Amino acid sequence: MLSTKLGQRLEPGNESRPRSGGHAEGDPALIHLHGVSKVYKTAAGGYTALHNVDIEIRRGEFVGVIGKSGSGKSTLINMVTGIDRPTSGEVLVGDVAVHRLSENQTARWRGRNLGIVFQFFQLLPNLSVVDNVMMPMDFCNTFPQRDRRTRAMMLLELVDMAEHAHKMPSALSGGQQQRVAIARALANDPPVLIADEPTGNLDSRMADSVFQLFEALAAEGKTVVMVTHDSGLARRVSRTIIIADGEVVNEYVARALPSLSPQLMLAVSRRVQPITFQAGATIIHEGTDGGLFYIIAQGAAEVVLKRPGGPDVIAERLQPGQFFGEISLFNRSRTVAAVRAVPETPVNVLALDGGMFQSLLAESPDFGSAVEGVVQRRLAQTRSAAGGQEAR
């Protein structure tokens with residue numbers, strides 16, 4: 001089991017720093033990419049690997065970056081780590097503009113602030129396990145030399161590898177080497193851990209063990225960004241960033257419509273229009289022709305049954321990542337209930353036209369099945385709410 005020693009500096013007189021873990025919704029972003037594009041020059045012309053990417057990641061988040069091969073995942077990670085530079089846009093980590101650093105400045109900054117875990121471990125074969133973990137401390141001179149071996153052993157104990165400290169990497173299994181690589185990434189106590197396909201060469205048991213280690217690190221306050229092809233692991237992170245064709249899928253589109261392929265999610269992201277409704281404003285009127293499909297991005301909305309001479313019936317309260325407006329579009333009928341912003345706060349929605357909605361139904365049977373299930377549930381919920389009102 002993991003200890004809670006990640007924040008301990010082994011310097012005389014420096015007390016351990018408790019990790020709060022997690023983040024508050026209003027915390028400023030620790031990692032911020034604004035308008036980032038990357039175009040590579042090739043013999044056939046320019047190749048756009050990233051296009052106008054905007055991303056914010058807060059302290060203590062465990063974020064999964066997912067997408068097909070060639071979607072831009074590795075290029076995105078290279079922007080954050082400073083391994084590559086954007087053609088345009090800004091990359092900020094904390095208060096450092098990474099895209100403006102020189103190569104020497106980037107190397108020093110990266111060594112102190114980022115822990116990077118590679119798919120193929122990248123352990124130096126001619127150094128022992130403990131010497132591999134000490135190497136970042138030697139490179140950045142972050143701890144007194146007399147304390148570095150002690151810290152390296154503490155980190156190896158953290159990942160259950162202390163008994164192998166004096167072995168060479170070639171004597172370890174793939175899962176063991178990955179654990180050593182994680183210990184090495186933590187050597188300088190960086191606030192951010194970047195893992196590029198860290199479980200790609202591991203069996204399912206070892207992959208789950210490594211994933212649990214990342215979960216524990218995030219709980220203790222590390223910001224963990226993991227690139228993965230493993231859809232099972234991706235569902236377990238606190239938040240996912242989906243990349244398709246060099247663009248980031250809108251986060252709320254992805255949450256609301258998980259049955260769509262990444263390419264269709266991206267198509268929806270390009271088509272939705274942001275709209276803000278003030279607190280208490282009606283978004284959909286009951287009994288009208290539905291024309292738009294809505295996804296909540298911020299705030300909340302209420303599904304309301306209007307009753308002449310009586311109080312309104314609140315059938316459902318909808319939160320960010322949920323959608324509405326689907327019943328009339330799916331059944332090609334009039335709306336069966338009103339939807340309004342909650343009385344307390346405005347609501348920000350993403351609106352999609354009915355034509356695009358019908359195209360999604362035609363192109364994605366999984367989407368059609370998912371929407372049909374929601375339609376049936378909400379119609380039953382509406383009938384129940386209406387019946388309860390009449391009984392009173």
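**Entry: N141 and N52**

I began with N141, which counts as exposed at 55% relative accessibility, in a model that I keep in mind is predicted rather than determined. N141 sits in the loop that joins helix 3 (129–140) to helix 4 (145–158). When I looked up its backbone, I found a phi near 55°, a positive value in a residue other than glycine. I noted this down because most residues other than glycine have a negative phi.

I then turned to N52, whose phi is also positive, at about 50°, although N52 is not a glycine. N52 belongs to strand 2 (residues 45–58), and I recorded it as partly exposed because its relative accessibility is 46%, where exposed would require over 50%.

**Entry: K38**

Next I asked myself whether K38 is buried or exposed. With a relative accessible area of 10%, K38 is buried, the limit for that word being under 20%. I located K38 in strand 1 (residues 29–42). Which residues is K38 in contact with, once its neighbours within four places in sequence are left aside? I listed Y47, T48, A49 and L50, then T75 and M79, and finally D84, R85, P86 and T87.

**Entry: the second largest cavity**

I stayed with strand 1 and looked for enclosed space beside it. Strand 1, strand 2 and helix 1 (73–81) are the elements that give two or more residues to the lining of the second largest cavity, and helix 1 gives the most, with 3 residues. I wrote down the volume of this second largest cavity as about 60 Å³. Its lining is made up of I31, L33, I55, I57, V65, L76, I77, V80, V225 and I241. Sorted by class, that lining has 10 nonpolar residues, with no polar and no charged ones.

**Entry: the largest cavity**

How many cavities of 30 Å³ or more are there? I counted 3 cavities that reach this volume, and the largest cavity has a volume of about 200 Å³. There are 16 residues in the lining of the largest cavity, and V303, I327, V336, A337 and V339 lie nearest its centre. Strand 15 (313–318), helix 10 (326–331) and helix 12 (365–391) are the elements that each give two or more residues to this lining. I also noted the classes in the lining of the largest cavity, which divide into 8 nonpolar, 5 polar and 3 charged residues.

**Entry: strand 14**

V303 led me from the cavity to strand 14 (residues 301–305), where 5 of the 5 residues are buried. I checked the two faces of strand 14 separately, and both are covered, with A301, V303 and L305 buried on one side and E302 and V304 buried on the other.

I then looked up the partners of strand 14. Strand 14 pairs with strand 15 in the antiparallel sense over 5 bridges, and within this pairing V303 has E316 of strand 15 as its bridge partner. Strand 14 is also joined to strand 17 (residues 338–341) by 4 bridges, again running antiparallel, and here E302 stands opposite R340. As a reminder to myself, strands of a sheet pair through backbone hydrogen bonds, either parallel or antiparallel.

**Entry: the open sheet of 6 strands**

I traced an open sheet of 6 strands, which follow the order 6-7-8-3-9-10 with mixed pairing. Which strands stand at the edges? They are strand 6 (114–117) and strand 10 (247–248), and each has a single partner strand, so one side of each is left without a neighbour in the sheet. At the strand 10 edge, strand 9 (residues 239–244) pairs with strand 10 in the antiparallel sense over 2 bridges, and A244 has E247 in strand 10 as its bridge partner.

At the other edge I looked for helices. Helix 2 (residues 103–113) packs on the sheet, touching strand 6 and strand 7 (192–196), and its direction makes about 85° with that of strand 6. Helix 5 also lies across strand 6 and strand 7, but runs at about 165° to strand 6.

**Entry: Q177**

I closed with Q177, which is found in helix 5 (residues 174–185). Q177 is buried, with a relative accessible area of 17%. Apart from its neighbours within four places in sequence, I found Q177 in contact with F121, L123, P169 and L172.

Definitions and conventions. Residues are numbered from 1 along each chain as its sequence is written. This is a predicted model: local features need pLDDT of at least 70, side-chain atom pairs count only at pLDDT 80 or more; totals for chains, interfaces and linings use all residues. Side-chain values use heavy atoms; hydrogens and water are left out. Buried means under 20% relative accessible area, exposed over 50%, partly exposed in between (1.4 Å probe, protein chains only). Contact means heavy atoms within 4.5 Å. On a 1 Å grid over the protein atoms alone, a cavity is a set of points where a 1.4 Å probe fits but cannot get out, and a pocket is an open set with protein on both sides within 12 Å along at least five of seven lines; lining residues have an atom within 4 Å of a point. Grid points are joined across faces, edges and corners, and a volume is the space filled by probe spheres set on the points. Ala, Val, Leu, Ile, Met, Phe, Trp, Tyr, Cys and Pro count as nonpolar, Asp, Glu, Lys and Arg as charged, and the others, Gly among them, as polar. Two strands pair if DSSP finds at least two bridges between them. Axes are lines fitted to C-alpha atoms, for helices over the stretch in contact, and angles run from 0 to 180 degrees between N-to-C directions.
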